[in-house]
Amino acid sequence: MREVMYLSKPSFIEAIKRNQTNIDTIHYNNETFVSLFLNNPTLKERLIKNNSFYIKTHGCQANIRDEESIAGLLASLGLKRVEKIEEASIIVINTCSVRENANNKVYAEIGNIKRLKEKNKDLVLILCGCMVETKDTLNNLITKYPYIDIIFGTHNIDNLLNLLYLYMENNNKKRIVDVSSKEGEIVEDIPTRRNNSYSAYVNITFGCDKFCTYCIVPQTRGKERSRDKEDILKECKLLLSLGYKEIILLGQNVDSYGKDLKDKNITFASLLDSVASLPIKRVRFLTSYPSEFSDEVIDVIAKHDNIMKYIHLPVQSGSNSVLKRMARRYTKEEYLALVDRIKAKIPDVALSTDIIVGFPNESEEEFLDTLDLIKKVKYASAFTFIYSPREGTAAAKLDDKISDKEKVERFKRLTDELEKYYPLYNASFINKVEEVLVTSVSKKDKNKVSGVMFNNKIVNFNGDPSLIGKIVKVKILEDKLYSFNGEMVE
Ligand code: SF4
């Protein structure tokens with residue numbers, strides 16, 4: 001077994017502490033780390049010979065934004081990103097632990113990389129992201145996959161170049177692990193390589209203090225902490241100067257933004273107002289927490305034409321007793337009242353949600369409450385999941401008497417109910433001309449491109465890749481339930 005050098009190890013006891021009152025902002029200095037390599041002729045040579053990296057990211061937008069920092073750090077060493085894993089000298093698997101399925105995909109991927117490692121002794125395999133934050137999973141990865149070379153946690157991204165240096169400097173012998181569980185700080189100025197040149201995620205908060213009983217995020221990403229408003233605006237202005245069309249403000253719970261800042265006048269509503277006042281074409285935000293979604297935020301959305309009228313408002317369940325067991329801090333009635341307030345001020349809003357079915361011991365009656373909520377809200381879209389326990393969460397300790405068969409049946413009934421209302425929402429767009437931000441070539445037809453409307457609905461239409469990144473006018477012709485077909489008019 002290869003020796004493992006631990007710089008830090010994860011601990012859920014540390015991860016759930018919330019004692020810090022002041023959050024430090026650290027300004028990352030990349031030159032210090034790059035010079036480690038530049039001053040070492042052997043390593044410099046090795047980087048010239050092995051000069052490519054590949055990143056595979058699983059999971060949520062927070063992970064996608066982390067991927068851009070990882071890419072920025074590796075690119076700062078002069079390495080080039082490649083899209084084929086076989087061509088890479090460094091492979092990074094950025095993991096997610098939100099569902100069992102996500103973990104399984106990662107295990108399969110690591111298994112496949114073994115043959116590449118056998119062919120190339122110098123290939124560096126790095127694992128990071130939420131999955132490695134769990135002690136047992138980390139130990140399992142270290143024991144079963146001796147060819148993983150470096151593992152680092154969500155709090156240790158800014159140490160990546162140092163870890164790579166330590167690994168290469170000891171000639172690939174020792175494996176390096178740096179997974180620290182802590183409340184966390186804010187690290188500014190990490191080099192970034194954006195995944196595209198038109199739509200950018202901008203972090204506004206990190207971590208979460210809600211501790212919903214099914215969710216591992218508060219353990220893996222630390223205390224809820226807000227970035228300085230000026231730093232956020234500086235990043236937005238930079239993106240604007242680079243020609244970005246869309247900014248997506250990102251946080252596990254954007255509505256908490258500002259609560260930990262000294263200036264109590266800074267709220268999510270005031271931040272959103274400031275960002276939308278910049279001459280940026282589109283502004284969006286993810287994710288909202290229903291009981292903290294303020295009327296001021298509704299007013300700001302209604303006021304600015306460039307804030308997309310799309311609100312992702314995770315409800316998780318329509319049953320008050322299930323919401324209580326999930327430790328969600330609102331009732332069905334409060335959620336519906338919020339939806340009414342939103343619809344009253346933003347009539348063309350597209351509401352979307354997350355719903356979990358089969359939370360431990362969810363009764364038929366409780367499930368029917370969720371269907372009833374769907375009937376009342378009439379979502380434009382939704383993300384639905386069958387509950388899967390996550391080690392380290394409170395819900396994972398609950399005994400569950402509901403069979404998998406019943407959960408699958410409920411999942412089907414849930415989807416059927418949601419799909420009843422999508423056509424009602426979609427019908428109002430047929431034959432209308434809408435602005436669409438083109439994001440990719442259509443997966444199904446190479447002669448078509450795909451883009452997103454103001455309400456996050458996808459539209460496919462004839463076009464070539466030169467349109468990617470542009471906002472064009474498209475006549476909406478056909479409702480395909482989860483997307484539209486259209487025709488570009490200008
Ligand atoms: S609000 Fe709940 S579900 Fe969302 S990240 Fe925090 S703990 Fe997880």
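**Conventions.** Two strands pair if DSSP finds at least two bridges between them. Helices (H or I, at least four residues) and strands (E, at least two) are DSSP runs, numbered from the N terminus. The model is predicted: local features need pLDDT of at least 70, side-chain atom pairs count only at pLDDT 80 or more, and totals for chains, interfaces and linings use all residues. Residue numbers start from 1 along each chain as its sequence is written.

**View 1. An open sheet of 3 strands runs in the order 10-13-14.** Its pairing is parallel. Strand 10 (199–203) and strand 14 (282–286) are the edges; each has a single partner strand, so one side of each lacks a neighbour in the sheet. From one strand to the next the twist averages 25 degrees. Axes here are lines fitted to C-alpha atoms, for helices over the stretch in contact, and angles between N-to-C directions run from 0 to 180 degrees. Strand 13 (residues 246–250) and strand 14 run parallel and are joined by 5 bridges. L250 has L286 of strand 14 as its bridge partner.

**View 2. Helix 4 and helix 9 pack on the sheet of View 1.** Contact between two residues means that their C-beta atoms, placed from the backbone, lie within 7 Å. Helix 4 (residues 61–75) touches strand 10, strand 13 and strand 14. Its direction makes about 100 degrees with that of strand 10. Helix 9 (residues 229–241) lies across strand 10 and strand 13. Helix 9 runs at about 170 degrees to strand 10.

**View 3. An open sheet of 7 strands has the order 1-8-7-6-5-3-4.** Pairing is parallel here. Strand 1 (4–8) and strand 4 (80–81) hold the edges, each with a single partner strand, so one side of each has no neighbour in the sheet. Strand 5 pairs with strand 6 (residues 124–129) in the parallel sense, over 6 bridges. In that pair, I93 has L127 of strand 6 as its bridge partner. Helix 4 lies across strand 3 (52–57), strand 4, strand 5 and strand 6, at about 170 degrees to strand 3. Helix 5 lies across strand 3, strand 5 and strand 6, at about 170 degrees to strand 5.

**View 4. Helix 5 (residues 100–119) bends at I113.** The helix has 20 residues. It reaches 30 Å from its first C-alpha to its last, close to the 28 Å expected at 1.5 Å a residue; the expected span is 1.5 Å times one less than the number of residues. The bend at I113 is about 25 degrees, taken as the angle between axes fitted to the seven residues ending there and the seven starting there. N103, V106 and I110 of helix 5 are buried. A residue counts as buried if 20 or more other C-beta atoms lie within 10 Å of its own, exposed if 12 or fewer, and partly exposed in between, with C-beta atoms placed from the backbone. Strand 5 (90–95) is among the cover of these buried residues.

**View 5. Domain 1 (4–178) meets domain 2 (186–427).** Domain 3 (433–488) completes the division; the bounds come from an automatic or database domain assignment. Taken over C-alpha atoms, the centres of domain 1 and domain 2 are 28 Å apart. The contact takes 33 residues from domain 1 and 30 residues from domain 2. On the domain 1 side, the elements giving two or more residues are helix 1 (12–15), strand 2 (25–27) and helix 4. Helix 4 gives the most, with 10 residues.

**View 6. Three loop sites carry backbone exceptions.** Most residues other than glycine have a negative phi, and most peptide bonds are trans. The peptide bond from L286 to T287 is cis, with omega near -5 degrees. T287 is in the loop between strand 14 and helix 11 (295–303). A327 has a positive phi, near 65 degrees. This residue lies between helix 12 (320–325) and helix 13 (332–345). A327 is partly exposed, with 14 other C-beta atoms within 10 Å. N431 has phi near 75 degrees, also positive. Its loop links helix 15 (404–427) to strand 18 (433–441). N431 is exposed, with 8 other C-beta atoms within 10 Å.

**View 7. Strand 21 (residues 471–479) pairs with strand 18 and with strand 22 (residues 483–488).** Strand 18 and strand 21 are antiparallel over 5 bridges. V436 has V472 of strand 21 as its bridge partner. Strand 21 and strand 22 are antiparallel, over 5 bridges. E478 stands opposite N485 in strand 22. The hairpin of strand 21 and strand 22 has 3 residues between the strands, and L481 takes a positive phi near 75 degrees.
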